[in-house]
Amino acid sequence: NMSTKVLKTVVEKIDLTAIVKLEGPLNDFHAKEVATIIDDLLEKNFIHFIINFSKSNDVNSYGVSVLINIIQSIKKNNGRLLFSKINSHLDKKFMTMGLKGYVQIFNNDKDALESLIVEI
C-alpha cells in the first residue's frame, strides 16, 4: 500500500473562467502541475481562474511560491485569480505567507463566479 499522496485536478470551464478543483496536497511537483494546467488554459484564452480547495487542505511553502507565480501570470493577462472553499488552516497559512493581499477568497465557486460577472 503506497501512501504517496496524489493531487488530482478537475477543471470546469465557464466562458472565460476556469475553475480548478484540487484534491490532495498542493506541494512540490504537484504544485508545478497546477501551474502547467493554468499556463495551458491561459494560452487557450481563459482569463479568470478560481482554485477550489475543498478537497485540498495542505499547501507547503513551495506550493505557495507556485501560487504567487500563477497570480503573476494571470495578472499579465488582466485576469483574476480567486480562491474558494478554504478551511481555517489554509486561511491562516495564506495570511502568514502574504497571499491574502493578492487573492480574493470566497465561500464557494458560485460566489466567486458572480464576483467576476459583476466586474465585467
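Trainee: Is phenylalanine 53 buried or exposed in this predicted model?

Mentor: Good place to start! Buried means under 20% relative accessible area. Phenylalanine 53 has a relative accessibility of 2%, so this residue counts as buried.

Trainee: Which kind of aromatic pair do phenylalanine 53 and phenylalanine 83 form?

Mentor: A pair of aromatic rings is described by the distance of the centres and the angle of the planes. Here the centres of phenylalanine 53 and phenylalanine 83 are 5.0 Å apart, with 75° between the planes. Planes over 60 degrees apart count as edge-to-face, so the pair of phenylalanine 53 and phenylalanine 83 is edge-to-face.

Trainee: How many residues apart are phenylalanine 53 and phenylalanine 94 in sequence?

Mentor: These two rings also make an edge-to-face pair, at 5.6 Å centre to centre and 65° between the planes. Phenylalanine 53 lies in strand 3 and phenylalanine 94 in helix 3 (residues 88-96), so their pair ties together parts of the chain whose separation is 41 residues.

Trainee: Which residues have the most contacts inside the largest nonpolar core?

Mentor: In soluble globular proteins, nonpolar side chains tend to be buried together. The largest nonpolar core in this model has 29 residues, and helix 1 (28-43) and helix 2 (61-76) are among the elements that each supply at least two of them. One aromatic cluster is formed by three phenylalanines, and these have the most contacts inside the core: Phe53, Phe83 and Phe94.

Trainee: Now for charges. Which strands do lysine 8 and glutamate 23 lie in?

Mentor: Lysine 8 and glutamate 23 form a salt bridge, with the closest N and O atoms 3.7 Å apart. Lysine 8 is partly exposed at 48% relative accessible area, and glutamate 23 is partly exposed at 31%. The pair ties together parts that are 15 residues apart in sequence, because lysine 8 and glutamate 23 lie in strand 1 and strand 2.

Trainee: Which residues are linked with Lys21 in a network of salt bridges?

Mentor: Look at the partners of lysine 21 in turn. Glutamate 12 forms a salt bridge with lysine 21, with the closest N and O atoms 2.9 Å apart. Aspartate 109 forms a salt bridge with lysine 21 as well, at 3.9 Å. The residues linked with Lys21 in this network are therefore Glu12 and Asp109.

Trainee: Is aspartate 109 buried, partly exposed or exposed?

Mentor: Aspartate 109 sits in helix 4 (residues 109-119), 88 residues apart from lysine 21 in strand 2. Its relative accessible area is 12%, and the cut-off is under 20%, so aspartate 109 is buried.

Notes
Residues numbered from 1 in each chain as written. Predicted model: local features only at pLDDT ≥ 70, side-chain atom pairs only at ≥ 80, totals over all residues. Heavy atoms only, no water. Phe/Tyr/Trp six-rings, centres within 6.5 Å; stacked < 30°, edge-to-face > 60°. Buried < 20%, exposed > 50% of the residue type's maximum accessible area, 1.4 Å probe, protein only. Helix = DSSP H or I, 4+ residues; strand = E, 2+ residues; numbered from the N terminus. Core = buried A, V, L, I, M, F, W, Y, C linked by side-chain atoms within 4.5 Å. Salt bridge = Lys/Arg side-chain N within 4 Å of Asp/Glu carboxyl O.
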